[in-house]
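Good morning, everyone, and thank you for making time for this. I would like to walk you slowly through one structure, so please have it open in front of you.

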Amino acid sequence: MQRVTAQLVAGLVATVLSLLAEPCGADGGGLSLADRVIWAVNSGGESHVDVHGIHFKKDPLEGKLGKASDYGLRLPILRSSPEDQILYQTERYNEDTFGYEIPIRDEGDYILVMKYAEVYFAQSQQKVFDVRLNGHVVVKDLDIFERVGHSTAHDEIVPFSIRRGKLSVQGEVSTFNGKLTAEFVKGYYDNPKVCALYVMKGTSDDVPKLQPHPGLEKPEEEEEEEEESEPGEEGGKKKIPGGSKPRVQSGPRTPNPYAADNSSLMFPILVAFGVFIPTLFCLCRL
C-alpha cells in the first residue's frame, strides 16, 4: 500500500512540474536560438544555415527589386566565422529606397539584426544611408566603413516590441498591422544596401556577438582606466562620464597635413640667402 501511494505521489509531482514548465516554453525561455528566429534572409544570396542553426532563406527580392552583388566573395571577412562569411559577402542594393516586409503574428519583445560589410569603398563618406522600421528611423547615417573599416563584419541590432496592436521602437510608438517593414533609405552618398537580416524573439543579450576586432574593441579593464582623465590643477584626477568617451576611429588614419610643414624653419635660411647672394655679387664686381 505504501509503495502504491509513493508512486501516485511521484506521478502527481511529475504532472505538476510538467504543467509549470509549459508556460516557460511558450514564452521562449526554453527555445534554442534558431527556434527563436521567426524570419531570416541572405540578401543577394542563396539559402544558408549559420553556425547557430539559423536558416537564412534565399533573397525573396531576387528579380523583383534592386540588384544582387557577390563582389565580396573575393575577400575574406574579418570578425566573422569562416562558415558564415557568405552572409557578409553577398548583398542587395538599390538606387532608391527599398526594403523587406516581415510578417509577425505574436506579441512580445523582438530583435532585428542587420548584417553588413563594406567590400567596395576604401574610405568613409562614400556610402551613407538610414534604416527605417515601419517609418521610424532606427539607424541614422550608417557609414559601414567609418564604423569598422573595409571587409569587416558589422551587425546593427535594433530591439522593438509589439503589444496591443502597437509597435514600440527607440521610444516611439505606432500602430502595427501585422507586418514589419525594414527599409534602407537612399541618401546623398551612393546606394543603400544590406547583406543579411533576421528577426528573433528575445532581447539584445540573446544576439550572438561577432568576433573581436583588434583596434576597434578594447578590453573592459582598459575602458575603465580611460574613464580617468588627465590630472587636475591640484594633481587630482577627474572622472569622464561614460557617455563622453572619445570615439574609436576605424579605417586608415588620415595623415596630419601639418606634420611635415617645415616652412617656419626654412624662412630664416631663405632670408640669409637673399642677403648673401647680392653681397657676393657686389664684392665680385669690386
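I will talk about one strand and its partners, then about aromatic rings, and finally about a single histidine.

Before anything else, please keep in mind that what we are looking at is a predicted model.

Let us begin with strand β1, which covers residues 37-42 and is mostly covered, since five of its six residues are buried. On one hand, β1 is joined to β15 by four bridges, and these two strands run antiparallel; if you want a place to look, find V37, whose bridge partner in β15 is M200. On the other hand, β1 also pairs with strand β3, residues 55-58, and here the pairing is parallel and rests on two bridges. In that second pairing, V41 has K57 of β3 as its bridge partner.

Now to the aromatic rings. How many aromatic pairs does the structure hold? There are eight, and I will show you two of them with some care.

A pair of aromatic rings is described by how far apart the centres are and by the angle between the planes. For F98 and Y100, the ring centres are 6.5 Å apart and the planes meet at 65°, and because an angle over 60 degrees counts as edge-to-face, that is what we call this pair. F98 is counted as buried because its relative accessibility is 2%, under the 20% cut-off, and Y100, also at 2%, is buried by that cut-off.

The other pair I chose is formed by Y116 and F129, which is tilted, with 5.9 Å from centre to centre and 55° between the planes. This pair links distant parts of the chain, because Y116 belongs to strand β7, residues 108-116, while F129 belongs to strand β8, residues 128-133, and the two are 13 residues apart. Both Y116 and F129 are buried.

Rings can also gather into groups, and here W39, F98, Y100 and F184 form one aromatic cluster.

Finally, let us turn to H213, which sits in the loop between β15, residues 196-201, and α5, residues 220-226. Is H213 buried or exposed? With a relative accessible area of 14%, which is under 20%, H213 is buried. If we leave aside its neighbours within four places in sequence, H213 is in contact with L78, R79, V148 and T152. H213 and A153 are 60 residues apart in sequence, yet their C-alpha atoms lie 9.5 Å apart in space.

Technical notes
Residues are numbered from 1 along each chain as its sequence is written. This is a predicted model: local features need pLDDT of at least 70, side-chain atom pairs count only at pLDDT 80 or more; totals for chains, interfaces and linings use all residues. Side-chain values use heavy atoms; hydrogens and water are left out. Buried means under 20% relative accessible area, exposed over 50%, partly exposed in between (1.4 Å probe, protein chains only). Contact means heavy atoms within 4.5 Å. Two strands pair if DSSP finds at least two bridges between them. Rings of Phe, Tyr and Trp (its six-membered ring) pair if their centres lie within 6.5 Å; planes under 30 degrees apart count as stacked, over 60 as edge-to-face and the rest as tilted.
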